[in-house]
Amino acid sequence: MKEQYKSMAKVFSVAPMMEWTDRHCRYFHRQLSKQALLYTEMVTTGAVIHGDRDHLIGFDDTEHPVALQLGGSDPQALAEATHICADWGYDEINLNVGCPSDRVQSGRFGACLMAEPDLVARCVEAMKAVCDIPVTVKCRIGIDEQDEEQALDTLVDQVLSVGCDGLTVHARKAWLQGLSPKENRDIPPLNYDRVYRLKQRLPHVHIAINGGITGLDAAQTHYEHVDGVMMGRSAYHNPALLADVDRELFGADQSPDLFDVARAMIPYIDAHVERGGRVNQVARHMLGLFQSRPGAKRWRQILTVESVKPDATSQVVEDALAALR
């Protein structure tokens, strides 16, 4: 799968989301869409270099195409982590230049790096030097009092000059002082036109858009202006939306049956439990699968209550499906 997806006319991806897009979530999402590009949670360079790699960056081959998002600002550490992750088999390595949380700022990575485009370029250059897979950047259109036109162009031009393979732009500023990470996802106004103008200026560069996108009709509109659409919370809370991605965006004959998707998770849960895992570690990502359908509340209740029990098995999913009928 490596590099193939970047040659596609359009790319649809599920955003990297901390505490959400873990390996179990991604395996589940892959049952819903074969075309979507999936992202890991952000992983810091220190965690990759020194941590339990199988736990932190392990994934199932079914997840391809899958990208790993790194957090860091030291070019040498990013190069070492990139080399490790590329060898692990990822299809893309993405540098986080968009997360506004205090914890990320204190580590000098995430959105605060919008103020240091030279450093970001050195990081990308170091990452590119140690792998032969795409290295991309996810950023904001600016931070705090920055001018959105100048700040975004400066960052983009500098990373492209060292070989960056593409960018995903969250079409909002990040306010590093005064707003929480949650508020930074909603309060700063969306400026899709700014991202469209970036693509117009750089027609041969892969540009994807992120921020406030809640449905596939909106995605189709964005594809008139950019190459990729990244969807976050809407895809997570209403995963049935992903079941229509391949048909509506990529011309597949039909959407997968949601009952079949749920059943496809049963052997995965069995294997996870056999390795010492807990059912709820997988089932928590499946709660929204039948959103707005008759019986959806009971589905969520059974998964939520029963999957946390120490002796829970995949039978929990069968019981929850039975409640839907």
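**Exercise 1. The barrel**

In what order do the eight strands close into a barrel, and is the pairing parallel or antiparallel?

Solution. The model is predicted: local features need pLDDT of at least 70, side-chain atom pairs count only at pLDDT 80 or more, and totals for chains, interfaces and linings use all residues. Residues are numbered from 1 along each chain as its sequence is written, and side-chain values use heavy atoms, with hydrogens and water left out.

Step 1. Fix the terms. Strands (E, at least two residues) and helices (H or I, at least four residues) are DSSP runs numbered from the N terminus. Two strands pair if DSSP finds at least two bridges between them.

Step 2. Read the order. The barrel closes as E1-E2-E3-E4-E5-E6-E7-E8, with parallel pairing. From one strand to the next the twist averages 30°; axes for this angle are lines fitted to C-alpha atoms, and angles run from 0 to 180 degrees between N-to-C directions.

Step 3. Check the closure at strand E1 (residues 11-14). E1 and E8 run parallel and are joined by four bridges; Ser13 has Met230 of E8 as its bridge partner. On the E2 side, two bridges join E1 to E2, again parallel, and Val14 is partnered by Leu38 of E2.

Step 4. Look at the covering of E2. Six of the eight residues of E2 are buried, where buried means under 20% relative accessible area, exposed over 50%, and partly exposed in between (1.4 Å probe, protein chains only).

**Exercise 2. The second largest cavity**

Which residues line the second largest cavity?

Solution. Step 1. Define the search. On a 1 Å grid over the protein atoms alone, a cavity is a set of points where a 1.4 Å probe fits but cannot get out; a pocket is an open set with protein on both sides within 12 Å along at least five of seven lines; lining residues have an atom within 4 Å of a point. Grid points are joined across faces, edges and corners, and a volume is the space filled by probe spheres set on the points.

Step 2. Count. There are two cavities of 30 Å³ or more, and the second largest has a volume of about 30 Å³.

Step 3. List the lining: Val14, Thr21, Arg26, His29, Leu38 and Tyr39. Helix H1 (23-32) and strand E2 (37-44) each give at least two of the lining residues. Val14 and Leu38, both in this lining, are also the bridge partners between E1 and E2.

Step 4. Sort by class. Three lining residues are nonpolar, two polar and one charged; Ala, Val, Leu, Ile, Met, Phe, Trp, Tyr, Cys and Pro count as nonpolar, Asp, Glu, Lys and Arg as charged, and the others, Gly among them, as polar.

**Exercise 3. The two largest pockets**

What are the volumes of the largest pocket and the second largest pocket?

Solution. Step 1. The largest pocket has a volume of about 740 Å³. Its lining has 30 residues, with Pro16, Met17, Met18, Lys138 and Arg185 nearest the centre. Two or more lining residues come from each of helix H5 (102-106), strand E5 (135-143), strand E6 (167-174), strand E8 (228-231) and helix H11 (233-237). The classes are 13 nonpolar, 11 polar and six charged.

Step 2. The second largest pocket has a volume of about 500 Å³. It is lined by 19 residues, and Asp22, Arg23, His24, Glu41 and His55 lie nearest its centre. H1, E2 and helix H3 (53-57) each give two or more residues to this lining. Its residues divide into five nonpolar, six polar and eight charged.

**Exercise 4. Asp91 and the cis bond**

Is Asp91 buried or exposed?

Solution. Step 1. Asp91 sits in the loop between helix H4 (75-88) and strand E4 (92-97). Asp91 counts as buried because its relative accessibility is 1%.

Step 2. Find the partners. The side chains of Asp91 and His64 share a polar contact of 2.6 Å; such a contact is a pair of N or O atoms within 3.5 Å, where, within protein, one must be able to donate a hydrogen and the other to accept it, and residues adjacent in sequence count only if both atoms are side-chain atoms. A polar atom of the Asp91 side chain also lies 2.8 Å from the backbone nitrogen of Val66.

Step 3. Examine the stretch between these partners. His64 and Pro65 are joined by a cis peptide bond, with omega about -5°. Pro65 belongs to the loop between H3 and strand E3 (66-71).
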